[in-house]
Amino acid sequence: MANLVSLGPDGAFVTPERPVIPIIIGDGIGPELWRAARPVLDAAVAKSGHAPIDWLETPAGRKALEETGEYLPASTLETLKEHRISLKGPLATPVGGGLRSLNVAIRKELDLYACIRPVRWFPGGPSPVRRPEKVDMVIFRENTEDVYAGLEWPAGSPEAEELSRFAAERLGAAIRPHSALGLKPMSEFGSKRLIRMALKWALDRKAPNLTLVHKGNIMKFTEGAFRAWGYELAREEFGALTVPESEAQDGDGRLVIKDRIADNMFLQTLLRPDEYSVLALPNLNGDYLSDALAAQIGGLGLAPGANVGDGLAVFEATHGTAPKYVGQDKVNPGSLILSGAMMLEFMGWTEAAEKVRAAVARTIAAGLVTYDLARQMTGVTPLTTSAFGRAAAENLT
Ligand code: NAP
């Protein structure tokens, strides 16, 4: 169909003149965030000379349950697949429901194997560190494997007992009685496709370096393999364009591949963040580091993200439904607005994406911020969600 995003021969998204983009408005604070974010995105698109986006409201979460009897209707997944690119608000995890998490279900069903989170400080905004202008990184977190694969069993369960027996009898590994057990699968395929995406991103944007973050000193065959596969992939598929840090010379011009042990990486991001640009991490390390880095730039209110697979991407803020603030017109719509900017960039509408980012930057620089940033600053009166949205829209050039 003429208004669907498609894929070019190189696998990049091709956006039609007037695209239809699904929007999952989401639960909790979702509707108030969308009311604030939409005018900013629409105005940036118009100011960049594009025809408007036709937003296609797509049900998921509580609203879907009320309308269809299901939290995540099969038709919603079909819509996300068919349209390739979509924007999503936060979804509450159903308590006691059959689904572990709607967000995880969407990522699994669409095989969105990379969680991409850019972390950048906006001048004028708060930060707990002294030199936040040095923080400008993009995190690529593996989204499907590792201890998050859901392969775990309670202490005393037949599965845990059986696994313990197998470990003792077949592997000579003694496990303390009545232990809960989990598996940590990390495959060459899963690691390499994540690292490949990060490498391409870094090369496309002429980033100076890419760092493989792992805990391979202790978990030698899982995390250690992530590191080894990363170097192998860079050498075999991008050999002319990359160089390991140990061989890099000043002014080399090639993408420098580094690796850091995860605990050291937390230290590095506080002490020397400007030495790192693109990070590739397994699932658990990536989860921890994403929030730690978001804290350095003011918190979850300015933390955009995307879950990306091959030819499919769902853009969403890092935060959840913030139940305690629902209906108060209080929370920061910045994460959703900036996730929208990421989406525009993936669509190839880079001018519109830049306009959105610049408008957010101008708004923050003028001291116009919501409660979450205001409470870390002095003498600043917080704006409401809707007022921040209006200010950002007015700051579009
Ligand atoms: P949360 O919704 O992210 O909220 C935790 C805290 O983060 C809030 O109380 C608030 O901090 C801050 N926060 C979140 N969004 C903010 C925003 N837009 N502006 C400013 N501050 C913001 O996490 P949760 O309370 O643990 O989870 C609530 C529900 O959301 C759960 O059902 C969870 O499963 C779901 N969830 C969904 C997603 C997703 O859809 N991708 C992600 C995470 C969680 P203060 O209280 O300090 O002001």
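What volume does the largest pocket have? About 660 Å³. The legends below describe a predicted model.

**View 1. The whole chain, with its secondary structure and overall dimensions.** The chain folds into 13 helices and 15 strands. Its C-alpha trace spans about 65 × 60 × 50 Å along the principal axes. The radius of gyration is 22 Å, which agrees with the value near 21 Å for a compact globule of 397 residues. Of those 397 residues, 53% count as buried. Contacts between residues 24 or more positions apart make up 73% of the contacts with a separation of 6 or more. The exposed area is about 18200 Å², and carbon and sulfur atoms supply 53% of it.

**View 2. The largest pocket, about 660 Å³ in volume.** Its lining holds 22 residues. Closest to the centre are G11, A12, M197, K200 and F346. Two helices, α6 (188–204) and α10 (334–346), each supply at least two lining residues. Which element gives the largest share of this lining? It is α6, with six residues. By class, the lining has ten nonpolar, eight charged and four polar residues.

**View 3. The second largest pocket, about 500 Å³ in volume.** Here 20 residues form the lining. P118, D136, V138, W201 and R357 lie nearest the centre. Strands β6 (114–120) and β7 (136–142) each supply at least two lining residues, as do helices α10 and α11 (350–365). The class count is twelve nonpolar, six charged and two polar residues. Helix α10 thus appears in both pocket views: it supplies at least two residues to the lining of the largest pocket and at least two to that of the second largest.

**View 4. T321 and the residues around it.** T321 sits in the loop between β15 (313–316) and α10. Is this loop residue buried or exposed? T321 counts as buried, because its relative accessibility is 13% and the cut-off for buried is under 20%. Leaving aside residues up to four places away in sequence, T321 touches D27, G28, I29, P90, L91, A92 and V326.

Note on methods. Residues are numbered from 1 along each chain as its sequence is written. This is a predicted model: local features need pLDDT of at least 70, side-chain atom pairs count only at pLDDT 80 or more; totals for chains, interfaces and linings use all residues. Side-chain values use heavy atoms; hydrogens and water are left out. On a 1 Å grid over the protein atoms alone, a cavity is a set of points where a 1.4 Å probe fits but cannot get out, and a pocket is an open set with protein on both sides within 12 Å along at least five of seven lines; lining residues have an atom within 4 Å of a point. Grid points are joined across faces, edges and corners, and a volume is the space filled by probe spheres set on the points. Helices (H or I, at least four residues) and strands (E, at least two) are DSSP runs, numbered from the N terminus. Ala, Val, Leu, Ile, Met, Phe, Trp, Tyr, Cys and Pro count as nonpolar, Asp, Glu, Lys and Arg as charged, and the others, Gly among them, as polar. The radius of gyration is taken over C-alpha atoms; the globule rule is 2.2 Å times the number of residues to the power 0.38. Buried means under 20% relative accessible area, exposed over 50%, partly exposed in between (1.4 Å probe, protein chains only). Contact means heavy atoms within 4.5 Å. Accessible areas come from the Shrake-Rupley method with a 1.4 Å probe; for residues, only the protein chains shown count as cover.
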